[in-house]
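Here is a quick tour of a protein model, helix packing first and a few individual residues later. Keep the viewer open and follow along.

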Amino acid sequence: MNQDDDSNWREYNIHGTDDDAENQPFDIFASSTDDDAYETIQYDIDNNITINIRSEKDYDKSTGMSVWTGSEVMCTYLRRHSDVIQNKKVLELGAGCGLCGLVCRMALEAASVLITDGDHQVMKNLRYNVELNGLHSADAATLKSSNATISCPQLIWGKNHAIKFAEQYGKQDVLIATDCLYISQSVYPLFETANELLEKTGLFLFVNSYPWVCPTEKVLDIATEFGFVSSDDELWYHDDDKEKRKNPVHVFRRRKEV
């Protein structure tokens, strides 16, 4: 899928209401058209790998156009648990700038990586970042018929969208979502999507660095409703940064049937 195929969709069109957008302290759905508004951030990864990410300089422009704390926490977790990703089919949900997906593809030997978002403006920058790192986003047919290992299709959350997506791309071994719940109405569609796209024995890795926007308790309740559980024993806390340690990586698994 390329940007010509994307629907003209913004987050609040389906998951929220106009009131959700109006009540935010800034316009979380805005995106800049000014090249001076962007900066390129370099992330030095293991094995002499550098990942370049174009991000908006100001966080008060758009949620999906900047790199947020949760993605950096998740990348540290993934690098220290590379076996979770190696040779696995990986899908990043609400990827924004795409940092986690690029780490999986460039440094952790994932079998394939789908880096997705729903917002059509965010998708343009996401695909730009893939190209910036010397990669090409393949379409569904190419991904299946060649050695291509990365694709950036649009994925709007919700059961029906996820079913259609699975028909094209199949179910995945690992789902990743970081700091992508900034409207409470998005939690249910997120887990509808995860439920349709995750293999029965797969893992759903999740970080919520802003629980005052979308309470973690609500996330856990809805996860349980869909049969996902996160064990306290598997919570992972960042040990190098006090601020990043505040919100752990949750490892969701499907509840075992008795």
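Start where helix α6 touches helix α7: K159, A162, I163, F165 and A166 on the α6 side meet E192, T193, E196 and L197 on the α7 side. Bear in mind throughout that this is a predicted model. The two axes sit 8 Å apart, and the helices pack at an angle of about 30 degrees. Angles under 35 degrees count as roughly parallel, so α6 and α7 fall into that class. As for handedness, α6 passes α7 in a right-handed crossing.

A second helix pair involves α2 (residues 69-80) and α3, whose axes come within 9 Å and cross at roughly 20 degrees. This pair is therefore roughly parallel too, α2 to α3, and its crossing is right-handed. On α2, the residues in the interface are S71, E72, M74, C75, L78 and R79; on α3 they meet L99, C100, V103 and C104. Here are both pairs in one place.

| Helix pair | Axis distance | Angle |
|---|---|---|
| α6 and α7 | 8 Å | about 30 degrees |
| α2 and α3 | within 9 Å | roughly 20 degrees |

R79 deserves a second look. This α2 residue counts as partly exposed because its relative accessibility is 29%. Which residues does R79 touch, once neighbours within four places in sequence are set aside? The list is D44, I45, D46, V103 and L108. R79 also has A107 within view: the two are 28 residues apart along the chain, and their C-alpha atoms are separated by 8.2 Å.

Now for the nonpolar interior. The largest nonpolar core has 40 residues, and M74, Y77, L78, I85, I115, I176 and L205 are the ones with the most contacts inside it. Which helix gives the most to this core? That would be α3 (residues 99-107), with six residues. Two names from the α2 side of the helix interface, M74 and L78, are also on the list of best-connected core residues.

I85 is a handy place to centre the view. Leaving out neighbours within four places in sequence, its contacts are L78, V90, C104, L108, E109, A110, V174 and I176. There is also a second, separate core of 30 residues, with L91, L198, C214 and F226 among its members.

One of the I85 partners, E109, has a backbone quirk. Most residues other than glycine have a negative phi. E109 goes the other way, with phi near 60 degrees, and it lies in the loop between α3 and β4 (112-115). D179 also has a positive phi, near 45 degrees. Its place is the loop between β6 (172-178) and α7. Is D179 buried or exposed? It counts as buried, because its relative accessibility is 12%.

The loop between β5 and α6 is worth a stop for two residues. P153 lies there and is buried, since its relative accessibility is 0%. P153 also pairs up with a distant part of the chain: D6 is 147 residues away in sequence, yet the C-alpha to C-alpha distance is 8.2 Å. Q154 is in that loop as well, between β5 (150-151) and α6 (159-169). With a relative accessible area of 9%, Q154 is buried because the cut-off is under 20%. What does the side chain of Q154 reach? Its partner is the backbone oxygen of G118, at 2.6 Å.

N247 makes a similar kind of link. It sits in the loop between β8 (228-230) and β9 (249-254) and is buried, with a relative accessible area of 15%. The N247 side chain reaches the backbone oxygen of S209 at 3.3 Å. Beyond its neighbours within four places in sequence, N247 is in contact with V73, V207, N208, S209 and P211.

Zooming out, the protein has eight helices and nine strands. Of its 258 residues, 54% count as buried. How much of the contact set is long-range in sequence terms? Taking contacts with a separation of 6 or more, 71% are between residues 24 or more positions apart.

Technical notes: Residues numbered from 1 in each chain as written. Predicted model: local features only at pLDDT ≥ 70, side-chain atom pairs only at ≥ 80, totals over all residues. Heavy atoms only, no water. Helix = DSSP H or I, 4+ residues; strand = E, 2+ residues; numbered from the N terminus. Buried < 20%, exposed > 50% of the residue type's maximum accessible area, 1.4 Å probe, protein only. Polar contact = N/O pair within 3.5 Å; in protein donor to acceptor, adjacent residues only side chain to side chain. Core = buried A, V, L, I, M, F, W, Y, C linked by side-chain atoms within 4.5 Å. Contact = heavy atoms within 4.5 Å. Axes fitted to C-alpha atoms, helices over the stretch in contact; angles between N-to-C directions. Parallel < 35°, antiparallel > 145°, perpendicular 65-115°, else oblique. Left-handed = near helix turned anticlockwise from the far one by under 90°.
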